[in-house]
Amino acid sequence: MNSETISKLAEKLYEDRNKIEDKSQKFDAQEVYDILDSLEVLRKPIKTYLDMTEDDYYQNESDHRLTLQNPKQSLSELHDRVQVNHVDGSLDAHEINFTYNHEDPYATGDYKVKTDLNLVSFAFTVIGAVYDNTIVADVRNSLSKDAVLSIGLAAHAIEAWQ
């Protein structure tokens, strides 16, 4: 995987967001999963987390940024998302600091696909820019596991919504 692949998908999703929202274009979750798996931030392929319970994930891998409230519920039903929204630090010194905020595509009760589309597109924009300017290990060591999971959960929700 290279930074161009990540950035191109971010651009494509941003450009196609209206078509995906009105369902005139199909969203390909597998493209997102492939990028997430190639980052190797999570221990397992992203799809294996969809059926995992919140408790299992919390106990074994979470970096505790997500709000997990239903221990027996599968992660695919989780509404909270951790969005990668900024990065700072020093690339030369290998000190990368991603910052995050919470998003909930179900905040109004109904699913808002736009929230998840923006989360995936924006996260890949930020990650792609960093990936292009530093070594892969710095990205892996700095990126939140819960944020990577959130990108996968967003992709899964978009696909299921279609």
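Which residue forms a salt bridge with glutamate 4? Select lysine 8: the closest N and O atoms of this pair are 3.1 Å apart. Keep in mind as you click around that you're looking at a predicted model.

**Stop 1: helix H1**

Stay with that pair for a moment. Glutamate 4 and lysine 8 both sit in helix H1, residues 3-21. They are four residues apart, about one turn of the helix. Color glutamate 4 by accessibility and you'll find it partly exposed, because its relative accessibility is 48%. This salt bridge is one of five that a search of the whole structure turns up. We'll visit two others on the way.

**Stop 2: H2 against H4**

Now show helix H2 (residues 29-39) together with helix H4 (residues 113-133). Their axes come within 13 Å and cross at roughly 40°, which makes H2 oblique to H4. The crossing is left-handed.

Turn on side chains where the two helices touch. From H2, pick Val32, Ile35, Leu36 and Leu39; these meet Val120, Phe124, Ile127 and Tyr131 of H4. By residue type, this contact has eight nonpolar residues, no polar ones and no charged ones.

Tyrosine 131 deserves a click of its own. This residue of helix H4 counts as buried, because its relative accessible area is 10%. If you like measuring in the viewer, draw a line between the C-alpha atoms of tyrosine 131 and leucine 42: they are 17 Å apart in space, with their positions 89 residues apart in sequence.

**Stop 3: glutamate 40**

Next, select glutamate 40, in the loop between H2 and H3. There are two things to look at here, the backbone and the side chain.

Backbone to begin with: phi is positive, about 55°, although glutamate 40 is not a glycine. For context, most residues other than glycine have a negative phi.

Then follow the side chain, which meets that of arginine 140 in a salt bridge, 3.3 Å from N to O. Arginine 140 lies in helix H5 (residues 136-142) and glutamate 40 in the loop between H2 and helix H3 (54-60), so this pair ties together parts that are 100 residues apart in sequence. Are the two partners buried or exposed? Arginine 140 is partly exposed, with 29% relative accessible area. Glutamate 40, at 52% relative accessibility, counts as exposed.

**Stop 4: glutamate 61 and lysine 145**

Another long-distance link in sequence is up next. Select glutamate 61 and lysine 145, a salt bridge whose closest N and O atoms are 3.6 Å apart. Glutamate 61 belongs to the loop between H3 and strand E1 (81-90), while lysine 145 is in helix H6 (residues 145-161), so the bridge ties together parts 84 residues apart in sequence. Check the surroundings of each partner, too. Glutamate 61 is buried, at 8% relative accessible area, whereas lysine 145 is partly exposed, at 23%.

**Stop 5: H4 against H6**

Since you've got H6 on screen, bring H4 back. These two helices pack at an angle of about 140°, with their axes 9 Å apart. H4 and H6 are therefore oblique to each other, and H4 passes H6 in a left-handed crossing.

For the side chains, here's what to select:

- On H4: Val113, Asp116, Leu117, Leu119, Val120, Ala123, Phe124 and Ile127.
- On H6: Ser150, Ile151, Ala154, Ala155, Ala157, Ile158 and Trp161.

The contact divides into 13 nonpolar residues, one polar and one charged. Some of the H4 names should ring a bell: Val120, Phe124 and Ile127 are among the residues that meet H2, and they're part of the contact with H6 as well.

**Stop 6: two loop residues**

Where does histidine 94 sit? Look in the loop between E1 and strand E2 (95-103). Its phi is near 60°, a positive value in a residue other than glycine. Histidine 94 is partly exposed, with a relative accessible area of 45%.

Finish with isoleucine 135, in the loop between H4 and H5. Isoleucine 135 counts as partly exposed, at 47% relative accessibility. One last distance to draw: from isoleucine 135 to leucine 91 is 8.9 Å, C-alpha to C-alpha, though the two are 44 residues apart in sequence.

Definitions and conventions
Residues numbered from 1 in each chain as written. Predicted model: local features only at pLDDT ≥ 70, side-chain atom pairs only at ≥ 80, totals over all residues. Heavy atoms only, no water. Axes fitted to C-alpha atoms, helices over the stretch in contact; angles between N-to-C directions. Parallel < 35°, antiparallel > 145°, perpendicular 65-115°, else oblique. Left-handed = near helix turned anticlockwise from the far one by under 90°. Contact = heavy atoms within 4.5 Å. Nonpolar A, V, L, I, M, F, W, Y, C, P; charged D, E, K, R; others polar. Salt bridge = Lys/Arg side-chain N within 4 Å of Asp/Glu carboxyl O. Buried < 20%, exposed > 50% of the residue type's maximum accessible area, 1.4 Å probe, protein only.
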